[in-house]
Every structure is written in structure tokens, then in C-alpha cells.
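Me: Got a minute to walk through this one with me? I'd like to start with how residues get sorted.
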Amino acid sequence: TSTTTTTSTSSEPVPVASPAPAKTAVEKKQQHRVPSIKFLGKEGWALRLRGILEPEPVYIPPNYGRPAFSEEEMEALMMG
């Protein structure tokens with residue numbers, strides 16, 4: 001069901017796309033959200049404190065959150 005609208009510069013109707021349909025409950029269930037914090041619970045913390053459960057290593061690249069260097073910026077850094 002698309003609607004049409006007219007603009008002030010043209011008298012011809014322009015089709016307007018209809019909005020995307022809302023997600024159903026089944027589609028929402030299929031999406032898996034990965035939490036950024038892992039909750040260990042009472043048993044998990046007991047294992048962690050005893051040294052049995054090791055924390056998972058997290059790799060963060062050195063340029064995380066920084067914009068990429070342009071060629072001009074790199075040349076300016078190299079030339080001093």
C-alpha cells in the first residue's frame with residue numbers, strides 16, 4: 001500500500017514507499033543478543049576466586065574508536 005504525494009515544483013504524484021512492517025514475536029525471539037557483561041553467578045565467582053575459571057581474553061585493536069588516518073595525515077606524521 002503505497003501512497004502518493006505532490007511536490008511544490010511538480011504537479012505529478014511521486015510514489016512514497018510504505019514503512020517496513022513491524023517485526024513479529026517469532027522474529028524478535030530469533031535474534032540473539034550477546035551481553036557485554038558475563039554474569040558468573042555464585043558458583044562461577046567461587047571458581048574464579050579459586051583460580052579454576054580463567055577470564056576470557058578480550059582483544060581490542062590499537063585503533064579502536066579512532067578514525068582512520070588519511071594519506072596526508074600519515075605523510076605529515078612521517079615528515080614531522
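Reply: Sure. For sorting, Ala, Val, Leu, Ile, Met, Phe, Trp, Tyr, Cys and Pro count as nonpolar, Asp, Glu, Lys and Arg as charged, and the others, Gly among them, as polar. Keep in mind that this is a predicted model.

Me: OK, so how do the residues lining the largest pocket divide up?
Reply: The lining has 7 nonpolar, 1 polar and 4 charged residues. Among them are Trp45, Leu53 and Val58, along with Lys38, Arg48, Glu54 and Glu56.

Me: And what volume does that pocket have?
Reply: The largest pocket comes to about 280 Å³.

Me: Switching topic: what pattern does the chain follow along the sequence?
Reply: Reading along, you get β-β-α-α-α, that is, 3 helices and 2 strands.

Me: How much of the chain is buried?
Reply: Buried residues are 2% of the 80 in the chain. The chain exposes about 8,400 Å², and carbon and sulfur atoms supply 60% of that.

Me: Where does Leu77 sit?
Reply: Leu77 is in helix α3, which covers residues 71–79. After α3 comes Gly80, with a positive phi near 90°.

Me: Is Leu77 buried or exposed?
Reply: Leu77 is exposed, because its relative accessible area is 53% and the cut-off for exposed is over 50%.

Me: What about the rest of α3, how many of its residues are buried?
Reply: The number is 0 of 9, so α3 lies largely in the open.

Me: Which residues make the nonpolar surface patch?
Reply: Leu77 again, together with Phe69, Met74 and Met78. That patch is about 470 Å².

Note on methods
Residues are numbered from 1 along each chain as its sequence is written. This is a predicted model: local features need pLDDT of at least 70, side-chain atom pairs count only at pLDDT 80 or more; totals for chains, interfaces and linings use all residues. Side-chain values use heavy atoms; hydrogens and water are left out. Patches are made of residues with over 30% relative accessible area and no salt bridge: like charges are joined within 9 Å, nonpolar side chains (Val, Leu, Ile, Met, Phe, Trp, Tyr) within 5 Å. Accessible areas come from the Shrake-Rupley method with a 1.4 Å probe; for residues, only the protein chains shown count as cover. A salt bridge is a side-chain nitrogen of Lys or Arg within 4 Å of a carboxyl oxygen of Asp or Glu. Helices (H or I, at least four residues) and strands (E, at least two) are DSSP runs, numbered from the N terminus. Buried means under 20% relative accessible area, exposed over 50%, partly exposed in between (1.4 Å probe, protein chains only). On a 1 Å grid over the protein atoms alone, a cavity is a set of points where a 1.4 Å probe fits but cannot get out, and a pocket is an open set with protein on both sides within 12 Å along at least five of seven lines; lining residues have an atom within 4 Å of a point. Grid points are joined across faces, edges and corners, and a volume is the space filled by probe spheres set on the points.
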